[in-house]
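Biologist: Could you walk me through this one and show how each label is earned?
Modeller: Sure, here it is.

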Amino acid sequence: MPQLALTHYNNPFGEQNFRINLIKGQIAKEMVRALLENAGYKIYAFGYESLLSQLRYDVKNRKAVPLNDSNNRLRSTPDLLGYDDESRQTYFIEVKFSSATSSRKARLYIRNLLWYQKYWHDSVIVTVIPTDNIFYAQRIESLKLDHIAEQKTHIFDLERDFLPMQKMFSKVQTSEIQSFSSILKKFEMIPDIATSNLPSEVED
């Protein structure tokens, strides 16, 4: 596995697409939050963007805070913290969005996934796409990434590599998932650009 280090994010797609990706990512995160809350899970904002604004600024400023494992773990905090009262199970949830036109070809950043495998190995990656089952989930430790670790992005087959979200979060109903379809259909005209919710790109 390549050595992971944070660098400032140099957006290769242009400022406009970068802003579009941020908006899509935020909408996807709120949809996952609403879906799980409606199903009866307790969901809390947990991500880097939600924690202690001054600490966030300090960690982002390398001169103020050194890059060590503790700070890198904080910097890559998953988006949501979920809890199921019945099973007493806790979930760390990172949400990704892809404009894939099929669940067989969802593009994600490999280095971001490697980052979560290293610092949040017990987290769940939820990938949102505007088609098929819409929401797919997989435990980050279950994704086999070593053979593609040198790639910048990879096209995943969500039907093979992930699970329909209701298979991992059993309280979620398929009918509830489909209620988000009309919202996500509006994303289909936007070019497929893999999005990153990390504050900086992860590079080796």
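**The sheet and its neighbours**

Modeller: Let's start with β4 and β6 (residues 124-128): 5 bridges join these two strands, which run parallel. This is a predicted model, where local features need pLDDT of at least 70, side-chain atom pairs count only at pLDDT 80 or more, and totals for chains, interfaces and linings use all residues. Residues are numbered from 1 along each chain as its sequence is written, and side-chain values use heavy atoms, with hydrogens and water left out.

Biologist: What makes β4 and β6 a pair?
Modeller: Two strands pair if DSSP finds at least two bridges between them, and here there are 5, so they qualify. At one spot E94 stands opposite I125 in β6.

Biologist: And what makes something a strand or a helix in the first place?
Modeller: Both are DSSP runs, numbered from the N terminus: H or I over at least four residues for a helix, E over at least two for a strand. The chain has 8 helices and 10 strands on that basis.

Biologist: Which strands are the edge strands of the sheet?
Modeller: The order is β2-β3-β4-β6-β7-β9, an open sheet of 6 strands with mixed pairing. The edges are β2 (42-45) and β9 (163-164), because each pairs on one side only.

Biologist: How do β2 and β3 run, parallel or antiparallel?
Modeller: Antiparallel, with 4 bridges between β2 and β3 (residues 80-84). K42 has Y83 as its bridge partner in β3, and Y83 in turn has T90 as its partner in β4.

Biologist: What links β3 to β4?
Modeller: They form a hairpin with 4 residues between them, and R88 in the turn has a positive phi of about 55°. These two strands run antiparallel as well, joined by 5 bridges.

Biologist: Why is β4 called largely enclosed?
Modeller: Buried means under 20% relative accessible area (exposed is over 50%, partly exposed in between; 1.4 Å probe, protein chains only). In β4 (residues 89-97), 7 of the 9 residues are buried, so the rest of the structure largely encloses this strand.

Biologist: What makes you say helix α4 is mostly covered?
Modeller: The same count: 9 of the 10 residues in α4 (residues 110-119) are buried. Among them are R111, W115 and Y119.

Biologist: How much of the whole chain counts as buried?
Modeller: 49% of its 204 residues.
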